Amino acid sequence: MEDQPLLFERIELAVRRIFFIEDTTFGDERKGYVIKYHGRILLPDTAEAYDRLAEAVAPLGLTPLFRYENNRQTVILVTSRQAPRSSNPRTNLIFFILTLISVWFTGGMLSLKEMPGNAVEFIWAMISGGWPFAISLLAILSAHEFGHYLVGRRHGAAVSLPYFLPLPFPLSPFGTLGAFINMKELPKNRRVLMDIGIAGPLAGLVVAIPVVLIGLSLSELSPLPAAPLGSGLGQTQLEGNSILYLLLKFVVFGQFLPAPADYSGLSPLLFWVRYFFTGQPLPYGGMDVLLHPVAWAGWGGILITSLNLIPAGQLDGGHLLYVLFGRERARRIYPLVLLALGLLGFVWAGWWLWAVLIFLFGRVYAEPLDQITELDARRKRLGLLTLIVFVLVFTPVPLVLMP
């Protein structure tokens, strides 16, 4: 290892090419950095400045961090971590096959109109009836995760192939817990983090919308029970509405669904605002769509998109919130997200579970190596558009039960 004076001389020479140094602080292992410089970046493009410095100090086993300290631009040199290990694609393939089987079986169960008389007929019913749902749902999930993956690879980020998570019916109404990719290293800057974060939800939604429209065209309108069925006679389950899903049903059927028998003395607007946020009053005697499995898969894809866009922590929406508003504002918004989920839990108890998960895992953000480089105008517009998408796809009451 070269002696420290020569090392620091080489570091400073590399830093001065892109940075005007005002003062220097030497570090050590206890402080967590090798050397720190305050000053200002000389290049107009701070992202280019970071790339040049990173390339220059990489042979020295160092990684630069761009930070603000007391409103001053700061370059911090830290010891480079070991390169992330390569994933074993066989693991991804095994999980995908298991998820395919689980989702296919779920689709077969959803397509059953009556239970087959023997095992052979049952197996054939699963095989022949399950594929439309399986292909539809896996297409949405794959578009979402490969959106993340391909954009990550385009930026040179170390990301894993998607991991699909099987959860057989009836433990999951979709036969899966979804899918995820693993970011093996910190993103380079906010631009990269945003591109990777929003690529998944937007790509998934691009596939989910036509799936919903095709599924609804295969579905039929059906009358809802005129009154409660009574204990022991089962429940009617209605899928919840997002603004987007409500509009897609209107496109196919020409009416807002579930259509109530009457508006209970309320104006139509007030009725729908109340029903949208509370699932009440229950639309006894009205009409609703009896979903084809493909429509159910599309609705599930929209729901998954909305859950991923919740603005907290390591969720896609959390990344978006961080890059648009910064760490401090994101942290101030975090308790408001928990409060909103807690209140929504009174109309759908599943939100309480999400609030607990976000409380446990949602306080950490993927902070980039370069925190000085800002978003460009195009990305800011795209980020705001994605926030609007979240409003359109969010489903306050995912499931409504009619006793």
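Here helices (H or I, at least four residues) and strands (E, at least two) are DSSP runs, numbered from the N terminus. The structure above is a predicted model, in which local features need pLDDT of at least 70 and side-chain atom pairs count only at pLDDT 80 or more, while totals for chains, interfaces and linings use all residues. Residues are numbered from 1 along each chain as its sequence is written, and side-chain values use heavy atoms, without hydrogens or water. Let's walk through one helix, one sheet and a handful of residues that reward a closer look.

**Helix α11 and its surroundings**

- Helix α11 covers residues 377–393, which makes 17 residues, and its first and last C-alpha atoms are 25 Å apart.
- Its buried residues (under 20% relative accessible area, with exposed over 50% and partly exposed in between, 1.4 Å probe, protein chains only) are R379, G383, T386, V389, F390 and V393.
- Viewed down the axis of α11, these buried residues stay within an arc of 110 degrees, so they line one face of the helix; the arc is taken from the directions from the helix axis to the C-beta atoms.
- A general point helps here: an α-helix has 3.6 residues a turn, so residues three or four places apart point the same way.
- Among the elements that cover the buried residues of α11 by contact (heavy atoms within 4.5 Å) are α5 (190–217), α6 (243–253), α8 (293–308) and α9 (316–344).
- At the N-terminal end of α11, D376 acts as a cap, with a side-chain oxygen 3.2 Å from the backbone nitrogen of R378.

**The four-stranded sheet**

- Four strands form an open sheet in the order β1-β2-β4-β3, and their pairing (at least two DSSP bridges between two strands) is antiparallel.
- The edges are taken by β1 (19–26) and β3 (62–69), each of which pairs on one side only.
- Inside the sheet, β2 (residues 35–41) and β4 (residues 72–79) run antiparallel and are joined by five bridges.
- If you would like to trace the register, H38 has T74 of β4 as its bridge partner.
- Helix α2 (residues 46–57) lies across β2, β3 and β4.

**Two asparagines with positive phi**

- The loop between β3 and β4 holds N70, and N71 is also found in the loop between β3 and β4.
- N70 is not a glycine, yet its phi is positive at about 55 degrees.
- N71 is likewise a residue other than glycine with a positive phi, near 65 degrees.
- N70 counts as exposed because its relative accessibility is 75%.
- N71 counts as exposed because its relative accessibility is 78%.

**Two cis peptide bonds**

- The bond from F169 to P170 is cis, with omega near 10 degrees.
- P170 sits in the loop between β5 (163–166) and β6 (176–180), and its 66% relative accessibility is why P170 counts as exposed.
- The C-alpha atoms of P170 and T106 are separated by 7.9 Å, although these residues are 64 residues apart along the chain.
- The bond from Q280 to P281 is cis as well, with omega near -5 degrees.
- P281 belongs to the loop between α7 (268–278) and β9 (287–290).

**S219, a buried loop residue**

- You will find S219 in the loop between α5 and β7 (220–223).
- With a relative accessible area of 8%, S219 is buried.
- The side chain of S219 makes polar contacts (N or O pairs within 3.5 Å; within protein, one atom must be able to donate a hydrogen and the other to accept it, and residues adjacent in sequence count only if both atoms are side-chain atoms).
- One of these is to the backbone oxygen of G215, which lies 2.7 Å from a polar atom of the S219 side chain.
- Another takes the side chain of S219 to the backbone nitrogen of H292, at 2.8 Å.
- Setting aside neighbours within four places in sequence, S219 is in contact with F253, V289, L290, L291, H292 and A295.

**H319, a buried residue in α9**

- H319 is part of helix α9, and α9 is also among the elements that cover the buried residues of α11.
- With a relative accessible area of 7%, H319 is buried.
- Not counting residues up to four places away in sequence, H319 touches L193, G313, Q314 and A366.

Key: Expected span 1.5 Å × (residues − 1). Axes fitted to C-alpha atoms, helices over the stretch in contact; angles between N-to-C directions.
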